[in-house]
Amino acid sequence: MITQNKGEWSELYVFLKLLGDGVLYAADADLNKINDLYYPLVEILRKEDEHVKHYVKASPNIEVKDDENNILLKLPMSEFEAKAKILLDNIKKSDSTFSVPVIEDFMNIIHCTKVKADSLDKSDISLVLHDCKTLREELFGFSIKSRLGSASTLLNPGKTTNFIYEIMGHLSEEQITEINKTDTRAKLRDRLLKIKGYGCELNFVEMENENFKANLQMVDSAFPLIISEYLVQYYSGNGSLISELTPKVRAINPCKLNTAMPHLYYEHKMKNFLTDIALGMTPATAWTGEYQATGGYIVVREDGEILCYHLYNHNQFQEYLFKNTRFDTPSASRYGFGIIYKDNNKIYIKLNLQLRFL
């Protein structure tokens with residue numbers, strides 16, 4: 001029996017529904033379907049145990065082929081559509097992890113042994129799509145994000161995502177002890193308010209991880225400073241949505257830009273950063289600027305509709321990320337932040353960066 005969570009089942013749902021629909025529609029910045037912008041499906045490639053199977057659309061059927069182009073099975077697309085509907089119903093009504101025996105039986109029939117396929121290119125699903133404008137068929141890797149379960153994480157936290165601030169001003173030992181006794185996570189805001197209440201300010205000095213710092217500098221040499229200001233605003237309780245914090249950061253203007261100019265500098269840099277994170281950048285690995293998800297994002301809406309942000313629709317994708325992401329607070333004890341500490345007679349505090357979808 002296969003038992004998986006909603007997110008893992010959602011990836012199989014995308015696989016089945018695409019084979020049933022035979023087409024992938026694009027979305028606008030608000031996750032609405034663009035009816036006249038779509039990509040006909042040619043085939044889906046699934047890698048399992050070092051073997052690649054090809055699920056080829058031959059309307060009204062799907063042909064399952066092996067590496068040597070032998071046809072293993074032929075089934076109507078309507079069979080995949082029906083099983084996708086059953087799986088969607090189970091995802092919606094289930095909590096935590098669960099099994100779906102009828103789907104497991106169907107997986108065996110279609111030579112699919114795993115809910116989550118092995119990656120061909122570090123993306124979640126590999127599709128050959130037909131581009132109606134260029135009349136070309138190309139292989140794309142897409143990342144899948146589902147809104148059927150809990151909110152997905154865009155940037156996972158770690159000690160690599162800690163930002164270090166010097167506390168400018170005077171704090172006595174008693175005041176430091178008092179502030180550190182404040183509960184973390186929900187009360188981290190209270191710690192920063194107490195620091196400010198004692199007449200002190202946070203001054204960003206460094207990131208804990210040099211590799212992530214270098215990755216952020218690929219976006220902009222000043223981007224670590226920009227993110228550091230977002231974190232101060234977030235942990236101070238001034239909002240969590242990237243879209244609502246950006247005007248505040250723009251008003252503070254940490255980069256001392258010419259505010260007489262109309263350029264949306266901070267918004268533009270944040271959109272570029274979100275795109276890089278979404279399509280390949282990770283904190284611990286040197287970022288080359290090359291996207292791993294070569295197609296873009298597939299999003300499963302709450303109603304089960306599957307829509308995509310293809311890299312061809314770059315502006316809509318960036319706007320979607322900007323409007324639908326927020327900062328979050330991970331475990332302070334696990335990742336070593338939120339506590340005032342001393343080093344060479346100076347006092348510091350670390351804040352952690354985690355990003356999550358709405």
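**Exercise 1. Is D131 buried or exposed, and at what relative accessibility?**

The model is a predicted one, in which local features need pLDDT of at least 70 and side-chain atom pairs count only at pLDDT 80 or more, while totals for chains, interfaces and linings use all residues. Residues are numbered from 1 along each chain as its sequence is written, and side-chain values use heavy atoms, with hydrogens and water left out.

Solution.
- Step 1. Place the residue: D131 belongs to strand β6 (residues 125-131). Strands (E, at least two residues) and helices (H or I, at least four) are DSSP runs, numbered from the N terminus.
- Step 2. Apply the cut-offs: buried is under 20% relative accessible area, exposed is over 50%, and partly exposed lies in between (1.4 Å probe, protein chains only). D131 has 8% relative accessibility and therefore counts as buried.
- Step 3. List the contacts, meaning heavy atoms within 4.5 Å. With neighbours within four places in sequence left aside, D131 touches R136 and Y312.
- Step 4. Check a distance: R147 is 16 residues from D131 along the chain, and their C-alpha atoms are 27 Å apart.

**Exercise 2. Describe the surroundings of H310 and the pairing of its strand.**

Solution.
- Step 1. H310 is part of strand β12 (residues 306-310). Its relative accessibility is 1%, so H310 counts as buried.
- Step 2. Leaving aside neighbours within four places in sequence, the contacts of H310 are Y39, L129, F140, F142 and G295.
- Step 3. Strands count as paired if DSSP finds at least two bridges between them. β12 runs antiparallel to β11, with 5 bridges joining the two; G296 has H310 as its bridge partner in β12.
- Step 4. The two strands β11 and β12 make a hairpin with 5 residues between them, and G304 in this turn has a positive phi of about 95°.
- Step 5. β11 also pairs with strand β7 (residues 136-146), here in the parallel sense and over 5 bridges. In that pairing, V300 of β11 is the bridge partner of S146.
- Step 6. Strand β11 (residues 296-300) has 5 of its 5 residues buried, so the rest of the structure largely encloses it.

**Exercise 3. Compare the spans of helices α1 and α2 with expectation, then locate their buried residues.**

Solution.
- Step 1. The expected span is 1.5 Å times one less than the number of residues in the helix.
- Step 2. For the 16 residues of α1 this gives 22 Å, and the end C-alpha atoms are 21 Å apart, which agrees.
- Step 3. For helix α2 (residues 77-93), with 17 residues, it gives 24 Å, and the end C-alpha atoms are 25 Å apart, which agrees.
- Step 4. In α1, 13 of the 16 residues are buried, so this helix is largely enclosed by the rest of the structure.
- Step 5. In α2, the buried residues are M77, F80, K83, A84, L87, L88, N90 and I91. They lie on the same side of α2, because they cover an arc of only 165° around the axis; the arc is that of the directions from the helix axis to the C-beta atoms. An α-helix has 3.6 residues a turn, so residues three or four places apart point the same way.
- Step 6. The buried residues of α2 pack against α1 (6-21), β3 (51-58), β4 (61-65), β5 (71-76) and α3 (101-109).
- Step 7. Look at the ends of α1. At its start, a side-chain oxygen of N5 comes to within 3.0 Å of the backbone nitrogen of G7. Just after α1, G22 has a positive phi of about 75°.

**Exercise 4. Which strands pair with β15, and in what sense?**

Solution.
- Step 1. Strand β9 (residues 162-168) pairs with β15 in the antiparallel sense over 5 bridges, and N162 stands opposite N352.
- Step 2. Strand β14 (residues 341-343) also pairs with β15 in the antiparallel sense, over 3 bridges, and D343 stands opposite K346.
- Step 3. The hairpin of β14 and β15 has 2 residues between the strands, and N344 takes a positive phi near 55°.
- Step 4. Strand β15 (residues 346-352) is mostly covered, with 6 of its 7 residues buried.

**Exercise 5. In what order do the strands of the sheet containing β16 lie?**

Solution.
- Step 1. The order is β8-β16-β13, an open sheet of 3 strands with antiparallel pairing.
- Step 2. β8 (153-155) and β13 (325-327) are the edge strands, each pairing on one side only.
- Step 3. β13 and strand β16 (residues 355-357) are joined by 3 bridges, and F327 stands opposite L355.

Note on methods. A polar contact is a pair of N or O atoms within 3.5 Å; within protein, one must be able to donate a hydrogen and the other to accept it, and residues adjacent in sequence count only if both atoms are side-chain atoms.
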